[in-house]
Amino acid sequence: MENMDIAVIGAGFAGMTAALYAARAGARVTLFEKAAEGGQILTAPRVENYPALGETDGVALAGRLGEQVRAAGAEIRPAAVTGIAREGMGWLLQTESGDVTCRALILAVGAKRRRLGVPGEDRLAGHGVSWCATCDGNFFRGLDVAVIGGGNTAFSEAIGLAAICQTVTVLYRSDEPRAERSVLSRAERLPNLVRMPGSRVTEILGGETVTGVRVEQDGKETVQAVSGVFEAVGTVPDTALFASLLPLAPDGGIVTDGKCRTALPGVFAVGDCRAGAVRQLVTAAADGAVAGILATKESNL
Ligand code: NAP
């Protein structure tokens with residue numbers, strides 16, 4: 001059976017940084033990725049808060065990190081991990097490319113978009129309801145769309161959509177959105193970006209495709225006519241695979257100590273799948289560095 005020093009599950013920013021540090025310290029490292037290399041950062045049209053980088057885009061950043069990881073000697077393998085079990089002093093992973101063993105394991109599985117859970121959402125998913133403006137925005141060129149949510153993701157996506165759509169209505173349930181001031185200031189300068197604070201979307205309407213959303217605001221119900229709905233109501237850690245293996249926090253995040261160690265020996269968790277993560281690119285990278293260094297040291301490689 002194939003044996004490696006450190007296996008990393010998830011080639012997002014946190015996982016790739018962990019692999020970079022561990023490989024540079026001399027470990028034989030393989031990253032397993034079930035979807036696209038780069039993770040959530042691939043859907044960020046603009047990154048402007050990574051220290052010293054100025055403005056860049058997520059795809060470029062992910063590409064540069066992937067090159068750096070490979071140059072350090074780690075392998076990025078496009079295969080899902082489907083099972084994990086204790087094996088001697090290490091861990092056995094069942095993967096789409098066969099079983100492997102490792103001495104230390106770094107969980108970097110990230111988070112997926114939360115669903116709103118309203119009528120019409122499941123039926124119209126892919127027919128006007130989307131969770132990724134970067135991926136699907138072009139289908140709505142010249143049309144009216146709604147973005148649901150008041151965080152950085154919602155406003156960043158709304159700003160991107162406003163450049164190609166006729167109007168973008170951002171609906172959020174609080175009076176003040178959570179998005180940071182610099183993002184909100186940019187949104188305020190766009191005449192076709194309209195905000196609806198204190199509003200709750202109660203249904204997504206349409207037959208074959210989306211035609212509107214039903215909205216409650218100030219005790220009144222209205223229908224906003226839109227052709228597309230982009231949901232950006234936060235993320236949930238993508239940790240279902242570990243539910244029987246590890247303690248999870250109520251939000252589904254993997255519980256760790258301050259050094260990214262989980263309750264299991266030799267198993268670390270980094271980035272957005274970790275309970276209490278701040279969920280910024282720079283903190284994902286910081287987690288990756290901590291776990292990459294400690295996994296290498298503590299496995300006595
Ligand atoms: P977020 O900051 O958690 O915001 C989620 C938004 O969805 C909030 O407006 C929240 O409303 C709303 N919401 C949650 N559940 C809802 C429900 N059931 N019904 C209606 N509305 C609901 O999520 P995010 O914007 O995806 O950001 C996630 C993390 O990534 C954050 O830490 C964020 O700072 C970070 N991020 C950073 C950047 C950047 O730095 N440029 C870009 C993107 C994301 P309430 O406020 O009322 O709870």
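Let's start at the ligand: of the 17 residues around it (a heavy atom within 4 Å), Asn49, Gly150, Thr153, Arg173 and Arg178 come nearest. Bear in mind that this is a predicted model, where local features need pLDDT of at least 70, side-chain atom pairs count only at pLDDT 80 or more, and totals for chains, interfaces and linings use all residues. Residues are numbered from 1 along each chain as its sequence is written, and side-chain values use heavy atoms, with hydrogens and water left out.

Now for the polar contacts, meaning pairs of N or O atoms within 3.5 Å. The side chain of Thr153 puts an N or O atom 2.8 Å from a ligand oxygen. Two backbones join in: a polar backbone atom of Arg279 is 3.3 Å from an oxygen of the ligand, and for a backbone N or O atom of Val278 the distance to a ligand oxygen is 3.3 Å.

Next, have a look at helix α7 (residues 281-298), which packs against helix α1 at about 35°, the axes being 7 Å apart. Helices here are DSSP runs of H or I with at least four residues, and axes are lines fitted to C-alpha atoms over the stretch in contact, with angles from 0 to 180 degrees between N-to-C directions. By class, this α1–α7 contact has ten nonpolar, four polar and no charged residues.

What about the other partner of α1? Helix α1 (residues 13-24) also packs with α2 (residues 58-71), at about 25° and with axes 9 Å apart. The two are therefore roughly parallel, a label for angles under 35 degrees.

Note on methods. Parallel < 35°, antiparallel > 145°, perpendicular 65-115°, else oblique. Polar contact = N/O pair within 3.5 Å; in protein donor to acceptor, adjacent residues only side chain to side chain. Nonpolar A, V, L, I, M, F, W, Y, C, P; charged D, E, K, R; others polar.
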